[in-house]
Amino acid sequence: MNHAPHSEAHPWCAVAASRDVPVQSVIPVMLEELSLAVWRSSDGSIHAWHDRCPHRGMRLSMGDVAEKGLVCPYHGWRFGGDAQCNFIPAHPGGTPPAAARVRPYPAVERNGYIWVARQDTSVEPPSLPAGVTPVRSMHMPVSGERLAGFWTRACLHATGRFSRVESSCPETALFQSYVEGSGSILHGKWQSAGLGVDYVGIVQPTHGGTCMLHLAAQEPLSAEARLGLNRALVALRHEISRSTACEPKWGMNHECV
Ligand code: FES
């Protein structure tokens with residue numbers, strides 16, 4: 001397992017749980033400032049495209065998925081799974097020009113997640129431990145590096161070392177655990193009230209110095225453990241929001257009380 005930061009070492013990043021993109025649906029995704037339309041066709045295959053229609057630049061993630069492709073919400077151009085326009089409503093009998101094509105990005109599904117690469121690559125997507133299942137994905141108002149710092153309270157680049165979570169916030173006691181390694185994929189064990197759950201946190205850099213955290217855990221996962229992990233994730237975001245709100249801004253010092 002590679003624990004180095006995503007953008008430096010690994011071209012793939014999880015952008016959504018597979019279950020969050022049902023057949024014939026599309027969602028918007030941000031990956032390192034890149035806007036993507038991630039959609040699933042009627043045959044179940046997954047696609048990740050630049051979220052921009054080649055006609056007038058409309059966001060394709062606001063469109064609909066029809067039987068024969070993704071339909072732009074503006075003038076109705078339709079794009080097949082090969083990213084090529086295959087229908088223009090204003091010219092129903094014509095052949096769309098070859099230039100009417102969306103930029104596709106590599107996308108695969110593995111371990112219950114949709115993984116996207118920003119460029120063609122021969123590198124395989126990461127493999128999560130067998131039996132790991134997505135629990136919840138949550139936006140975090142900090143960068144991936146800072147998120148790892150909040151989480152581990154340890155040096156982000158201390159690859160392979162085990163570190164005890166140190167937190168002054170009682171709410172994040174739920175997250176007290178041992179975290180192995182650092183970077184875009186964090187491993188750890190969540191322990192509370194006799195429950196012990198191995199989890200994996202995948203960090204997806206999004207935009208403006210923020211990120212998405214995809215939390216997965218080892219099956220079998222009891223309802224109690226699932227609820228606890230969800231609460232822990234909410235508590236983590238709360239602590240991050242509280243801490244970052246107390247940071248110095250505009251050259252003035254604010255005290256956190
Ligand atoms: S902008 Fe997409 S069809 Fe015109």
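**Antiparallel sheets and the nonpolar core**

Strands S2 and S3 form a hairpin in which two residues lie between the strands, and Glu 32 in the turn adopts a positive phi of about 50°. The structure described here is a predicted model. Within the hairpin, S2 and strand S3 (residues 34-40) are paired in the antiparallel sense over seven bridges. Leu 31 is positioned opposite Leu 34 in S3, and Ile 27 faces Val 38 in S3 as its opposite residue.

The hairpin belongs to an open sheet of four strands, arranged in the order S2-S3-S4-S9 with antiparallel pairing. The edges of this sheet are formed by strand S2 (25-31) and strand S9 (104-105), each of which pairs on one side only.

An open sheet of three strands is also present, with the order S1-S11-S10 and, again, antiparallel pairing. Its edge strands are strand S1 (12-17) and strand S10 (107-110), each pairing on one side only. Neighbouring strands of this three-stranded sheet are turned against each other by 35° on average, direction ignored. S1 and strand S11 (residues 113-117) run antiparallel and are joined by five bridges; Ala 16 stands opposite Ile 114 in S11.

Residues of these strands recur in the nonpolar interior. The largest nonpolar core comprises 54 residues, and those with the most contacts inside it are Val 15, Val 38, Ile 114, Val 116 and Leu 229. Domain 1 (9-117) and domain 2 (132-245) both contribute residues to this core, which therefore lies between them. In soluble globular proteins, nonpolar side chains tend to be buried together.

The surroundings of Val 15 illustrate how the core draws on separate parts of the sequence. When its neighbours within four places in sequence are left aside, Val 15 is in contact with Val 29, Leu 31, Val 38, Ile 114, Val 116 and Gln 204. Among these partners, Val 38, Ile 114 and Val 116 are themselves listed with Val 15 among the residues with the most contacts inside the core. Leu 31, another contact of Val 15, is the residue that stands opposite Leu 34 in the S2-S3 pairing.

At the level of the whole protein chain, three helices and 17 strands are present. Of its 257 residues, 35% count as buried. Among contacts in the protein chain between residues at least 6 apart in sequence, 51% join residues at least 24 apart.

Key. Residues numbered from 1 in each chain as written. Predicted model: local features only at pLDDT ≥ 70, side-chain atom pairs only at ≥ 80, totals over all residues. Pairing = 2+ DSSP bridges. Axes fitted to C-alpha atoms, helices over the stretch in contact; angles between N-to-C directions. Core = buried A, V, L, I, M, F, W, Y, C linked by C-beta atoms within 7 Å. Buried ≥ 20, exposed ≤ 12 C-beta atoms within 10 Å, placed from the backbone. Domains from an automatic or database assignment. Contact = placed C-beta atoms within 7 Å.
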